[in-house]
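Please work through the exercises below with the sequence and the three-dimensional structure at hand. Each task is followed by a solution in steps.

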Amino acid sequence: MILRLFRSAISSPRLPRLSSLAGYSGLELSLPQLEDASAPLEECARRSLRVICRLGPVADACDAEAQLHRLSSTLRRHTADAAAAVELVLLQAPAANQDATHDYLRAIQPVWSEFLEEHTSVGSRHGRVNAHGNPLNHHVLGVCHLLTSADGAALRAAGLAEAVDIYSPTRLALTARHLASASASSASASSASASS
């Protein structure tokens, strides 16, 4: 496993100088930052830096679709090499309960698939392979979903596993909250089995 570090410029008023990114694999940028005429996609491509584009937080599936269309339009304005610098699109999904999250993924799956069909370089030019050494295609790598529940907590690990099972191939972003919920779930399951 290789750890790749991306410098986030999401909350920065201006983008960092790309020459200051020694040790980083690339930048995390928001959609408005990429839409800016001075966006650094061309320069990132020249320096072999990668870009994660964060969309959202989205209000619903329609908003996610609109943001993916905006990103698609932005990528079409750049050269193929510059567009290929985008390694990952991170969709920050609306906070919802597990059923609403599944409804959201069901509604948005055709849209993210269409986006990846049009932009085949997103997520596919970076030499990733699965456990068997076979290349992973852009449908596995190109779009990732950051899911939270309606109360702001992470969806439980079982809910995440179910989402990946139902909407294959789907890539989910894990946060410390997801990992904590998995630990809490296994701890409560252990204490429940110990008390029976």
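The exercises that follow concern a predicted model.

**Exercise 1. Describe the overall make-up of the protein.**

Step 1. Count the elements: the protein contains eight helices and six strands.

Step 2. Read their order from the N terminus, which is β-β-α-α-β-α-α-β-α-α-β-α-β-α.

Step 3. Turn to burial and surface. Of the 196 residues, 41% are buried. The protein exposes about 10400 Å², and 53% of this is supplied by carbon and sulfur atoms.

Step 4. Consider the contacts with a separation of 6 or more: 67% of them are between residues 24 or more positions apart.

**Exercise 2. Determine which strands pair with β4, and in which sense.**

Step 1. Locate strand β4 at residues 86-92, where six of the seven residues are buried.

Step 2. Examine strand β3, residues 50-55. Five bridges join β3 to β4, and the two run parallel. Within this pairing, Leu55 stands opposite Leu91 of β4.

Step 3. Examine strand β5, residues 143-146. Its pairing with β4 is also in the parallel sense, over four bridges. Here Leu91 stands opposite His145 of β5.

Step 4. Combine the results: Leu91 stands opposite Leu55 and opposite His145.

**Exercise 3. Identify the nonpolar cores and the surroundings of Tyr104.**

Step 1. Begin with a general expectation: in soluble globular proteins, nonpolar side chains tend to be buried together.

Step 2. Find the largest nonpolar core, which has 40 residues; Leu68, Val89, Tyr104 and Phe115 have the most contacts inside it. Helix α5 provides the largest share of this core, seven residues.

Step 3. Note a second, separate core of six residues, among them Ile52, Cys144, Leu146 and Ala173.

Step 4. List the contacts of Tyr104, leaving aside neighbours within four places in sequence: they are Val58, Asp60, Ala61, Ala64, Leu91, Ala93, Pro94 and His145. Leu91 and His145, which stand opposite each other in the pairing of β4 with β5, are thus among the contacts of Tyr104.

**Exercise 4. Classify Ser121, Tyr24 and Ser48 as buried, partly exposed or exposed.**

Step 1. Place Ser121 in the loop between α5 (98-118) and α6 (138-141). Its relative accessible area is 12%; buried means under 20%, so Ser121 is buried. Beyond its neighbours within four places in sequence, Ser121 is in contact with Ala83, Ala84 and Val86. Its C-alpha atom lies 9.9 Å from that of Ala82, 39 residues apart along the chain.

Step 2. Place Tyr24 in the loop between β1 (6-8) and β2 (26-30). At 35% relative accessibility, Tyr24 counts as partly exposed. With Leu3 and Leu5, Tyr24 forms a nonpolar surface patch of about 330 Å² of accessible area together.

Step 3. Place Ser48 in the loop between α2 (41-46) and β3. Its relative accessibility is 61%; the limit for exposed is over 50%, so Ser48 counts as exposed.

**Exercise 5. Locate a cis peptide bond and a positive phi in the backbone.**

Step 1. Recall the general rule: most residues other than glycine have a negative phi, and most peptide bonds are trans.

Step 2. Inspect the bond from Gly56 to Pro57, which is cis, with omega near 10°. Pro57 lies in the loop between β3 and α3 (61-76).

Step 3. Inspect Ser48, whose phi is near 60°, a positive value in a residue other than glycine.

Methods: Residues numbered from 1 in each chain as written. Predicted model: local features only at pLDDT ≥ 70, side-chain atom pairs only at ≥ 80, totals over all residues. Heavy atoms only, no water. Buried < 20%, exposed > 50% of the residue type's maximum accessible area, 1.4 Å probe, protein only. Contact = heavy atoms within 4.5 Å. Areas by Shrake-Rupley, 256 points an atom, 1.4 Å probe, with all protein chains shown as cover. Core = buried A, V, L, I, M, F, W, Y, C linked by side-chain atoms within 4.5 Å. Patch = residues over 30% accessible without salt bridge, like charges linked within 9 Å, V, L, I, M, F, W, Y side chains within 5 Å. Salt bridge = Lys/Arg side-chain N within 4 Å of Asp/Glu carboxyl O. Pairing = 2+ DSSP bridges.
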